[in-house]
Structures are given as C-alpha cells and as structure tokens.
Amino acid sequence: MIHQVPEVIFKTRVRDESIGGDNPFRWQDVTSSDIFKGKNVIVFGLPGAFTPTCSSTHLPGYEAKYNQLKAKGIDEIYCLSVNDAFTMFQWSKHLGIKNVKMLPDGNGDFTRLMGMLVRKENLGFGLRSWRYSMHVVNGEIKQMFIEPGFMDNCPDDPFEASDADTMLNYLGK
C-alpha cells in the first residue's frame, strides 16, 4: 500500500470574471502538492458523477457532515472521480454542493497511481475509480477506507466503508 499521494496534474476549471460572457471559466492545472502540501485533507473517490449511490448517498453524505469534519481539524474535503471538469461541475451544481470541492481525474492518472482504477465495462463506464475514502496529512496517507470486493467489472456497488460517518468515527479518536 502506498503511503504518499501520487504527484499528478489535475485539469480543473475555475471561475474568472475577467473572461466575461456566459461561461467565465478558464482551465487551471492543479497539482497534488497544491491540494495536499501542508494540509489536513479528506478525499473520497467514487465511480461516477450522476450515478445512483454516488448522487444519493456518498457525495451528499460528505456535504451534510462537512462542518462536523471541519471541526475535527480538516482543511478541505474533495470528491474525486474519473470524470472531466465539466461533468463534475454540473453534478455538484445539480446536487447543490456548496462545501465539498470537486476534483476531476479525467484521465484517471491519480486513481491509477493510487491503485484504485478498475474496469467497469460491464456497466459501459470504461475505467473508473473504486469507491474509497482517505485521510491525508501533508501528502501522507494516514488512513484509507476501501470498499470490500475490489475487482474489475464488479457486479454490485459496495458502499459500507468509505462514507462520511466512518471517517467521522475514525477522526473522533
């Protein structure tokens, strides 16, 4: 198991009012160091934007528990998916997410280097992230909660270990 988060470049979109128009966003490269260096962070990875468990429970659960997690000393909470920045933005907008930051891993680079990339061809998804959560301090992975049954083309979608309550219980120590 790796102990440091991998160094990759995330292709993100950020609001830039100087652009004007209906779509005032520009591309911005964000590195793993930008996200993790000197910070106490939670990341949860999930299979895909707009999918049932991810949309009904996983992301909304972290949004609902955001203030409780922040009270435990967490600086930021990121939702990571092997989706592009446009999809992640629209998904967060659709769900009314205000606090959890969306982290698009469109090429799956971070997910692959984490060892969490799985095939989901059985659902027509291609390569996606296995469902997990982790607590990272200054780039060092302190704890990971990986859903059971890790495999390519998993016939179901386990969700019992990477939820916000499990992370809260862990941080409560």
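**A mixed sheet and its helices**

Strand β3 (residues 40-46) and strand β8 (residues 132-137) run antiparallel and are joined by 6 bridges, strands here being DSSP runs of E with at least two residues and helices runs of H or I with at least four, numbered from the N terminus. Within this pairing, I42 has H135 of β8 as its bridge partner. The model is a predicted one, in which local features need pLDDT of at least 70 and side-chain atom pairs count only at pLDDT 80 or more, while totals for chains, interfaces and linings use all residues. Residues are numbered from 1 along each chain as its sequence is written, and side-chain values use heavy atoms, with hydrogens and water left out.

The wider sheet is open and has 5 strands in the order β5-β4-β3-β8-β9, with mixed pairing; two strands are taken to pair if DSSP finds at least two bridges between them. Its edges are β5 (101-104) and β9 (140-146), each of which pairs on one side only, and the twist averages 25° from one strand to the next. β3 pairs with β4 in the parallel sense over 6 bridges, and β4 pairs with β5, also in the parallel sense, over 4 bridges. S81 is the bridge partner of L46 in β4, and P104 is the bridge partner of S81 in β5.

β4 is covered on both faces, with E76, Y78 and L80 buried on one side and I77, C79 and S81 buried on the other, where buried means under 20% relative accessible area with a 1.4 Å probe and protein chains only. Helix α4 (residues 85-95) lies across β3, β4 (76-81) and β5, and runs at about 155° to β5; such angles run from 0 to 180 degrees between N-to-C directions, with axes fitted to C-alpha atoms, for helices over the stretch in contact (heavy atoms within 4.5 Å).

The largest nonpolar core has 24 residues, and those with the most contacts inside it are Y62, I77, C79, W91 and V100; a core of this kind is a set of buried Ala, Val, Leu, Ile, Met, Phe, Trp, Tyr and Cys residues joined through side-chain atoms within 4.5 Å. α6 gives the most to this core, with 5 residues.

In α6, the buried residues are A164, M167, L168, Y170 and L171. Seen down the axis of α6, these buried residues fall within an arc of 160°, so they line one face of the helix, the arc being that of the directions from the helix axis to the C-beta atoms. They pack against β3, α2, α3, β8 and β9.

Note on methods. Buried < 20%, exposed > 50% of the residue type's maximum accessible area, 1.4 Å probe, protein only.
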